[in-house]
Amino acid sequence: MHIIRQVTSDICWIGASDHRLSLFENIYPVPQGISYNAYLLKDEKTVLFDTVDAAVRQQFLENLKYALDERPLDYIVIHHMEPDHCAEIADLVRLYPEIKIVCNGQMQKMIEQFFSLNLPADKFIFVKEGDTLNTGRHTLHFIAAPMVHWPEVMMTYDTADKILFSADAFGTFGALNGNIFADEVDFEHFYLDEARRYYANIVGKYGPQVQNVLNKAAALDIRMICPLHGFIWRQNIEFYLQKYRQWSAYEPETEGVVIAYGSIYGNTYNTVALLAAELADAGVKNIRMYDVSVTHPSYIISDMFQYSTLVFAAPTYNGGIFVNMENLLRDLTAHNLQNRRIAVLDNGTWAAVAGKQMKEELAKLKNCVILESSLSLKSALKADQLPQIDALVKDIIAA
Ligand SMILES: Cc1cc2nc3c(=O)[nH]c(=O)nc-3n(C[C@H](O)[C@H](O)[C@H](O)COP(=O)(O)O)c2cc1C
Ligand SMILES: [Fe+2]
Ligand SMILES: [Fe+2]
């Protein structure tokens, strides 16, 4: 059965959610599912904005058919060629022979790479930054958003109703369950963490490119944001824009300490647990601690985008860094985090090298201070090392 919701008088949401997917992009756990948003505009012309993931194809095609109500489909506007949004292009060309594909040249190449459709040139309307398409009452303005988070990405601004179709930007993990507007749910309480985890992990590497688009958006009167995942924004948009400004500038949102540790036998854990207690004694709030063997790195990276100070602690493992910690560090440096204070602790029974190697990896992060004080355990914490913990606490709170 069709499941659609009206967004404005002439735009409806015809996307779908997947509650069964265990790993989005085969990496990120999505315990609350994921939504793939597609929108249909019924003006003098009919315009579809994007499609959905193959997993929800049937629901989407049913929604589209119902929403069109026997009208032809004139245009599909493509914002992003990642398959979670374009899996049904071949279906559309087959089912709606009159359709024109509104996209850029890079997208056309990607359509051929993914789907081998051999579409004739007259199937396409090529657009670039600044171009417009009039559909009757609406005029669609196309905005290039390269590397947010793929090179071909475009956004559309509808001047009639002042809507920004923002592609993957402003999305969140989590299915849509009836409510499709952020103002219909307690977003800050239930979804902000997942929105941050989505941002940090999917888009986080591309802060400068996001800032570029935010600058273009600042010149527009935006009354609604329609992203490709998660909720539509029509109230308090400034709240979410401000989050994006902060995240993309790699500015911490909250004073606090994220401690990520690895531990095989528990001695490294014991040491960071003591450090955490001493930090708390010294008045530090918002201490978040994660075992890198237990918590998926996407959650830890998300917290590291939120908080101001980071502590990494891990044993030496086969002449290197404990594997799950090494994985986290590489993932973090790949995401380009900046402007943090960082402390490093390590452990080893015969030749501790993890501390040196962790610092080498962390040195790739721009504008970060790696604290002088550190601690190297030889198997377990010794009483004569307690002053080093005190020194570390002092150094961490010195900021
Ligand atoms: C597979 C394996 C490889 C290890 N490789 C090294 C090593 O190369 N150098 C070293 O000093 N210790 C090595 N260790 C020992 C641990 O780093 C050391 O026992 C450490 O104290 C464990 O800390 P934990 O109690 O927090 O797990 C290794 C341990 C294991 C299980
Ligand atoms: Fe994407
Ligand atoms: Fe996406």
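This report walks through a predicted model of one chain, from its overall make-up to a helix pair, a ligand shell and a single lysine.

**The chain as a whole**

Let us start with the broad view. The chain has 399 residues, and 43% of them count as buried. Its secondary structure comprises 13 helices and 23 strands. Measured out along the principal axes, the C-alpha trace spans about 80 × 40 × 35 Å. Among contacts with a separation of 6 or more, 71% link residues that are 24 or more positions apart.

The elements that come up below are these:

| Element | Residues |
|---|---|
| Helix α9 | 267-281 |
| Helix α10 | 297-306 |
| Strand β19 | 307-317 |
| Helix α11 | 323-334 |
| Helix α12 | 354-362 |

**How α10 meets α11**

Two packed helices are described by the angle between their axes and the distance between the axes. For α10 and α11, the angle is about 50° and the axes are 10 Å apart. That angle makes α10 oblique to α11. The crossing of α10 past α11 is right-handed. On the α10 side, the contact is made by P297, I300, I301 and M304. Helix α11 contributes N327, L328, D331 and L332. Sorted by class, the residues in this contact are six nonpolar, one polar and one charged.

**The shell around ligand 1**

Next comes the ligand. How many residues surround ligand 1, and which are the closest? There are 19 of them, with I264, N267, T268, P315 and G348 the closest. Two elements, α9 and β19, each supply at least two residues of this shell. By class, the shell around ligand 1 has eight nonpolar and 11 polar residues, and no charged ones.

**A look at K359**

Finally, here is one residue to find in the model. K359 sits in helix α12, which covers residues 354-362. Is K359 buried, exposed or in between? There are 15 other C-beta atoms within 10 Å of K359, so this lysine counts as partly exposed; a buried residue would need 20 or more, and an exposed one would have 12 or fewer. Leaving aside residues up to four places away in sequence, K359 touches V344 and I370. L329 is another residue to look for: K359 and L329 are 30 residues apart in sequence, while their C-alpha atoms are 9.8 Å apart in space.

Terms used. Residues are numbered from 1 along each chain as its sequence is written. Chains are lettered from A and ligands numbered from 1 in the order in which they are written. This is a predicted model: local features need pLDDT of at least 70, side-chain atom pairs count only at pLDDT 80 or more; totals for chains, interfaces and linings use all residues. Axes are lines fitted to C-alpha atoms, for helices over the stretch in contact, and angles run from 0 to 180 degrees between N-to-C directions. Helices (H or I, at least four residues) and strands (E, at least two) are DSSP runs, numbered from the N terminus. Angles under 35 degrees count as roughly parallel, over 145 as roughly antiparallel, 65 to 115 as roughly perpendicular and the rest as oblique. A crossing is left-handed if the near helix is turned anticlockwise from the far one by less than a right angle, and right-handed if clockwise. Two residues are in contact if their C-beta atoms, placed from the backbone, lie within 7 Å. Ala, Val, Leu, Ile, Met, Phe, Trp, Tyr, Cys and Pro count as nonpolar, Asp, Glu, Lys and Arg as charged, and the others, Gly among them, as polar. A residue is near a molecule or strand if its C-beta atom, placed from the backbone, lies within 6 Å of it.
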